[in-house]
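Subject: Structure handover

Hi,

Here is the structure I promised you. Please open it next to this email and follow along.

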Amino acid sequence: MIIAIDGPAASGKGTLGKRIAGHLGLPHLDTGLLYRAVGAHCLASGTLDDIAASAEAARALDVSALDPESLRTGALGEAASVVAARPEVRAALVDLQRRFAAQPGGAVLDGRDIGTVICPDATVKLFVTASPEVRADRRFRELAARDPLASYEAVLADIHKRDARDSNRAAAPLLKADDAVLLDTSALGIEETFAAALAIIEAARARAG
Ligand code: CDP
């Protein structure tokens, strides 16, 4: 069973993906980390504007060496969204994601284009969203726990900017697949989101027989 979870920045898809994978005993890939790692490499080597260098960094990516803690910063989210708009970078990461999805028993993948491009035949597709203000508030709380100088306004501005770039790019834009189920978590907590997602998955499983 392949479960595809897509949605905009800070919609809670990562937390949900991890939770679902744990519950079902499936491997989980947060595909945002791949783009963040490419962005981190380009920032460190001063090649963020260089399309060929970012595609090379994507081809050379060592998935086993990804460090989620160091990759989940605001600056790397922004750098990730810059390199993720390039078809050359996306193409270099397709096979790796499809191999992950094709593991025996299945997998849970979350990102922006899992249901539309990476796994169009996924068993279940969820499109997780929430209002920009709710997403900014969640991301702000995460950041404020580590950084006393974090600002809600700056986080909200970043969310608007990334939403616009991710949705308007030509290459695999953030888009709900026609057969994805929309899950608006604006008024839902983590437990309620998990319960709603599980109900959608069980229904799809029952339909698939
Ligand atoms: O956690 P958050 O939603 O802030 O970001 P993320 O999922 O780690 O993704 C960071 C950036 O990578 C996004 O803004 C997208 O531009 C890009 N991305 C993508 O294009 N395709 C994916 N499958 C995953 C992430």
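A residue counts as near a molecule if one of its heavy atoms lies within 4 Å of it. Keep that cut-off in mind for the ligand. Also remember that this is a predicted model.

**The ligand**

There are 18 residues around the ligand. Arg 36, Arg 90, Arg 139, Arg 162 and Asp 166 come nearest. Three helices each supply at least two residues of the shell: helix 2 (32-45), helix 5 (74-84) and helix 9.

Now look at single atoms. An N or O atom in the side chain of Arg 139 is 2.7 Å from an oxygen atom of the ligand. Lys 13 also points to an oxygen atom of the ligand, with a polar side-chain atom 2.9 Å away. For Thr 31 the partner is a nitrogen atom of the ligand, and the distance is 2.9 Å. How much of the ligand does the protein cover? On its own, the ligand has 530 Å² of accessible area, and the protein covers 96% of this.

**Helix 5**

Glu 78 is found in helix 5. Its side chain makes a polar contact with the side chain of Lys 161, at 3.3 Å. Is Glu 78 buried or exposed? Its relative accessibility is 17%, so Glu 78 counts as buried. The cut-off for buried is under 20%.

**Aromatic rings**

A pair of aromatic rings is described by the distance of the centres and the angle of the planes. A search of the whole structure finds one such pair. The partners are Phe 140 and Tyr 152. Their centres are 6.3 Å apart and their planes meet at 90°, an edge-to-face pair. Phe 140 lies in helix 8 (residues 132-144), and Tyr 152 lies in helix 9 (residues 152-168). The pair therefore ties together parts that are 12 residues apart in sequence. Both rings belong to partly exposed residues: Phe 140 has 21% relative accessibility, and Tyr 152 has 23%.

Another ring has a charge for company. The charged end of Arg 19 sits over the ring of Phe 194, 4.1 Å from the ring centre.

**Cysteines**

How many disulfides does a search of the whole structure find? The count is zero. Look at two of the cysteines anyway. Cys 42 is buried, at 0% relative accessibility. Cys 119 is buried too, with a relative accessible area of 5%.

Start with the ligand, then work outwards.

Best wishes

Definitions and conventions
Residues numbered from 1 in each chain as written. Predicted model: local features only at pLDDT ≥ 70, side-chain atom pairs only at ≥ 80, totals over all residues. Heavy atoms only, no water. Phe/Tyr/Trp six-rings, centres within 6.5 Å; stacked < 30°, edge-to-face > 60°. Helix = DSSP H or I, 4+ residues; strand = E, 2+ residues; numbered from the N terminus. Buried < 20%, exposed > 50% of the residue type's maximum accessible area, 1.4 Å probe, protein only. Lys NZ or Arg CZ within 6 Å of the ring centre and 35° of its normal. Disulfide = S-S within 2.5 Å. Polar contact = N/O pair within 3.5 Å; in protein donor to acceptor, adjacent residues only side chain to side chain. Areas by Shrake-Rupley, 256 points an atom, 1.4 Å probe, with all protein chains shown as cover.
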